[in-house]
Amino acid sequence: PSIPRHTNRLINEKSPYLLQHAHNPVDWYPWGQEAFDKAKKENKLIFLSVGYSTCHWCHVMEEESFKNKEIGEIMNKNFVCIKVDREERPDVDKVYMTFVQATSGGGGWPMSVWLTPDLKPFVGGTYFPPEDGVYRVGFRTVLLRIAEQWKENKDALLENSQKILEALLHRSEIRVRGQESPPPAKEVMATCFQQLSNSYDEDYGGFSESPKFPTPVNLNFLFTYWALHRTTPEGARALQMALHTLKMMAHGGIHDHIGQGFHRYSTDQHWHVPHFEKMLYDQGQLAATYSRAFQISGDEFFADVAQDILLYVSRDLSDQVGGFYSAEDADSYPTTASGEKREGAFCVWAAEEIRALLPDPVEGATEGTTLGDVFMHHYGVKETGNVSPMKDPHQELKGKNVLIVRCSLELTAAQFGLELGQLGALLREGRRRLALARAQRPRPHLDTKMLAAWNGLMISGFAQAGMALAEQEYVSRAVQAAAFLRRHLFDPTSGRLLRSCYRGKDNTVEQSAVPIQGFLEDYVFVIQALFDLYEASLEQGWLEWALQLQHMQDKLFWDPKGFAYFSSEAGDPSLLLRLKDDQDGAEPTANSVTVTNLLRAACYSGHAEWVEKAGQILAAFSERLQKIPITLPEMARATAVFHHTLKQVVICGDPQGEDTKEMLRCVHSIFSPNKVLMLADGDRAGFLHCQLPFLASLERKDGKATAYVCSNFACSLPV
């Protein structure tokens with residue numbers, strides 16, 4: 001590459017997203033005191049741009065506007081320009097996204113917001129094209145108009161920004177109003193089921209027309225609903241909706257049939273043409289969800305998909321020291337000689353490429369049939385490409401194919417007169433050759449930032465798959481990642497989690513000069529991961545760390561007045577609002593997951609205050625849970641867990657004994673959303689025995705491994 005003409009302060013940052021902008025002609029600052037002081041001293045407005053490194057429209061806006069020298073000059077002259085990676089600073093992102101959504105009715109990234117020197121937002125949007133178009137005003141025009149307004153009407157702007165802030169504070173407050181009790185679980189579950197059922201796509205699965213997101217929170221809710229209503233028609237429908245959605249997603253183009261793993265979302269109703277970035281948080285949640293689907297149905301299909309996801313993560317998103325990277329980009333160079341990146345270039349195929357790679361005649365099939373014919377039929381490949389122009393506004397996918405399973409194995413086999421076993425082998429061989437060909441293409445950008453929260457979700461994925469699929473190597477991978485978190489994303493002196501670390505030169509792990517402290521979601525997803533990891537590995541050290549982190553989370557984030565947890569700590573003067581998220585989306589919201597965490601923590605510690613806190617969170621979100629639980633399916637699910645009281649399954653036995661292992665395999669093979677598992681190994685000095693004195697009264701019957709099912713520390717007869 002040529003020597004860059006411009007370099008700004010972002011060159012000193014660690015975030016891959018900020019580094020992508022280090023050579024823009026814009027004088028970018030990272031979020032911090034230096035930028036705030038400059039704005040105050042020079043009495044300038046701040047232009048805040050928020051995105052992430054695998055965001056397609058962020059790349060577009062950079063190419064069109066932030067690399068444009070004239071636009072850069074307008075920005076530098078009139079504004080202090082700040083760049084934020086939303087994955088590093090979800091707190092900053094959330095404050096200003098709340099503003100953008102409230103004032104423009106929409107939101108998304110890149111997010112563009114103009115702030116007064118004291119950080120109050122007064123106007124914002126998302127992507128702006130560089131110049132004025134028929135329907136949209138251009139970025140250059142917006143910059144000049146806002147600079148003009150600041151010169152002419154400064155006082156009105158400042159007054160307005162104060163009003164906006166007060167309205168936001170009022171709007172975004174979530175707290176207990178009068179009633180102290182959690183909402184009735186039965187009604188919440190029934191309403192959430194009804195709302196999901198009404199929005200369900202009977203043909204293709206999923207819960208919207210398009211775009212379609214995997215949204216594992218919906219599927220996990222349906223599994224729990226089924227488990228509590230197994231014998232009713234509603235229960236049967238809940239299971240059918242979840243399993244059908246998972247099947248359609250796995251057959252669709254949102255699933256990478258050649259390189260494994262799942263893309264972020266589908267742009268159409270059929271799960272066919274995706275936005276091609278791959279996010280760690282999707283892989284972690286989906287690995288767990290497909291594992292549960294296997295546990296419930298016994299259908300190997302779901303186990304295969306879970307293994308496929310974990311293969312992708314182990315190969316492409318794993319740091320050699322044990323952590324997991326954040327994401328892979330959608331855009332890449334089609335060939336090593338290409339000058340510009342295209343969306344999906346790494347993943348799509350022209351029909352002639354496939355024909356050339358798979359020319360072999362197929363034995364036993366109709367005369368003249370090649371491997372290419374069979375493969376193209378099964379994966380919906382068309383000579384002219386299978387992407388509708390409607391789904392390809394920039395014509396980046398013209399003449400290309402996104403592989404999608406169009407018919408069952410039985411149908412394809414019948415079409416060509418093949419045995420099922422033979423067809424399976426042919427398709428495997430086809431996928432293997434395409435994977436080798438694809439390995440020659442330039443890879444998309446990899447975001448090697450490692451986040452505590454997303455690593456937590458991925459550890460849960462490996463631990464749950466390890467239990468459900470009885471695969472010890474997955475549990476070992478989860479243990480390795482948890483050890484990585486403990487070493488690189490935890491400060492033992494303060495007892496606090498850190499948000500992020502980075503892959504440095506020579507594959508070392510690096511930390512920013514001033515590390516970013518963990519947010520609520522970091523604690524919640526890591527604690528959940530440690531409970532899952534304890535159940536999978538039965539190593540008590542993970543349990544002990546989880547309970548320590550839970551105490552720390554209470555101290556840093558709990559709202560004693562209005563109940564529930566704030567997303568960020570108190571005491572950061574640059575954050576205008578302390579918010580509580582109220583939506584389970586692509587990721588569950590932290591308060592939803594923490595309800596189940598608190599109930600699990602209470603079971604392992606006998607600490608009743610945690611059960612009380614869980615009820616207080618449900619009370620704080622009570623109105624939303626009763627009216628629109630479809631926006632909080634994970635919290636709705638937790639309402640049922642709270643109501644039914646977690647059952648403690650205690651296995652008394654020697655951890656190494658075959659009889660103990662057999663009992664554990666039995667527990668792991670059953671989907672039961674309202675249980676916690678513990679092993680009483682007889683070590684009176686061990687952590688669990690010290691926490692739970694009642695374990696001392698449970699004994700092995702006739703010296704054999706024995707199971708007890710307990711509720712609130714009172715146990716059934718031994719099994």
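The following questions and answers concern a predicted model.

Trainee: How many disulfides does a search of the whole structure find, and what is the pairing of the bonded cysteines in sequence order?
Mentor: One disulfide links C55 and C58, with the sulfur atoms 2.2 Å apart. Another links C710 and C715, with the sulfur atoms 2.1 Å apart. The search finds 2 disulfides, and the pairing in sequence order is 1-2, 3-4.

Trainee: Is the link of C55 and C58 right-handed or left-handed?
Mentor: Both ends are covered: C55 is buried at a relative accessible area of 3%, and C58 is buried at 2%. The angle about the S-S bond is 85°, and the link of C55 and C58 is right-handed.

Trainee: For the disulfide of C710 and C715, is C715 buried or partly exposed?
Mentor: The link has 100° about the S-S bond and is right-handed. C710 counts as buried at 0% relative accessibility. Buried means under 20% and exposed means over 50%. C715 has a relative accessible area of 31%, so it is partly exposed.

Trainee: How far from C652 is the nearest cysteine sulfur, and why is C652 in no disulfide by the distance criterion?
Mentor: C652 counts as buried at 3% relative accessibility. A disulfide needs two cysteine sulfur atoms within 2.5 Å. C652 does not meet this, because the nearest cysteine sulfur, that of C710, is 8.4 Å away.

Trainee: Which cysteine has the sulfur nearest to that of C690, and how far away is it?
Mentor: C690 is exposed, with a relative accessible area of 51%. C690 is in no disulfide. The nearest cysteine sulfur is that of C652, at 16 Å.

Trainee: Which strands pair with β18, and in which sense does each run?
Mentor: β18 covers residues 647-652, and 5 of its 6 residues are buried. K647 has K675 in β19 as its bridge partner, while V649 has V709 in β20. Six bridges join β18 to each partner: β19 (residues 675-680) runs parallel, and β20 (residues 706-711) runs antiparallel.

Trainee: Through which helix does the chain cross from β18 to β19?
Mentor: β18 and β19 are parallel, joined by 6 bridges. The β-α-β crossover between them is right-handed. The helix on this path, residues 658-669, is α25.

Trainee: What is the strand order in the open sheet that contains β9, and which are the edge strands?
Mentor: The sheet has 3 strands in the order β8-β9-β12, with antiparallel pairing. β8 and β9 (residues 327-328) are joined by 2 bridges, and M279 stands opposite A327 in β9. The strands that pair on one side only are the edges, β8 (278-279) and β12 (446-447).

Trainee: How many residues of helix α11 are buried?
Mentor: α11 spans residues 280-297 and reaches 26 Å from first to last C-alpha, close to the 26 Å expected. G298 follows the helix, with a positive phi near 70°. The helix is mostly covered, and the buried count is 17 of its 18 residues.

Trainee: With which side chain does that of E87 make a polar contact?
Mentor: E87 lies in the loop between β3 (79-85) and α5 (90-104), and counts as buried at 2% relative accessibility. Among the residues E87 touches are Y52, M279, D447, W454 and R499. The polar contact, at 2.8 Å, is with the side chain of K449.

Trainee: Where are the cis peptide bonds that precede P110 and P211?
Mentor: Most peptide bonds are trans. P110 is in the loop between α5 and β4 (111-115), and P211 is in the loop between α8 (185-199) and α9 (216-228). The bond from W109 to P110 has omega near 5°, and the other, with omega about -5°, joins S210 and P211.

Trainee: Is W271 buried or exposed, and which is N712?
Mentor: Most residues other than glycine have a negative phi. W271 has a positive phi of about 60° in the loop between β6 (265-266) and β7 (274-275). N712 has a phi near 50° in the loop between β20 and β21 (714-715). At 0% W271 is buried, whereas at 57% N712 is exposed.

Technical notes
Residues numbered from 1 in each chain as written. Predicted model: local features only at pLDDT ≥ 70, side-chain atom pairs only at ≥ 80, totals over all residues. Heavy atoms only, no water. Helix = DSSP H or I, 4+ residues; strand = E, 2+ residues; numbered from the N terminus. Expected span 1.5 Å × (residues − 1). Buried < 20%, exposed > 50% of the residue type's maximum accessible area, 1.4 Å probe, protein only. Pairing = 2+ DSSP bridges. Polar contact = N/O pair within 3.5 Å; in protein donor to acceptor, adjacent residues only side chain to side chain. Contact = heavy atoms within 4.5 Å. Right-handed = clockwise from strand over helix to strand, strands pointing away. Lists of a residue's contacts leave out its neighbours within four places in sequence.
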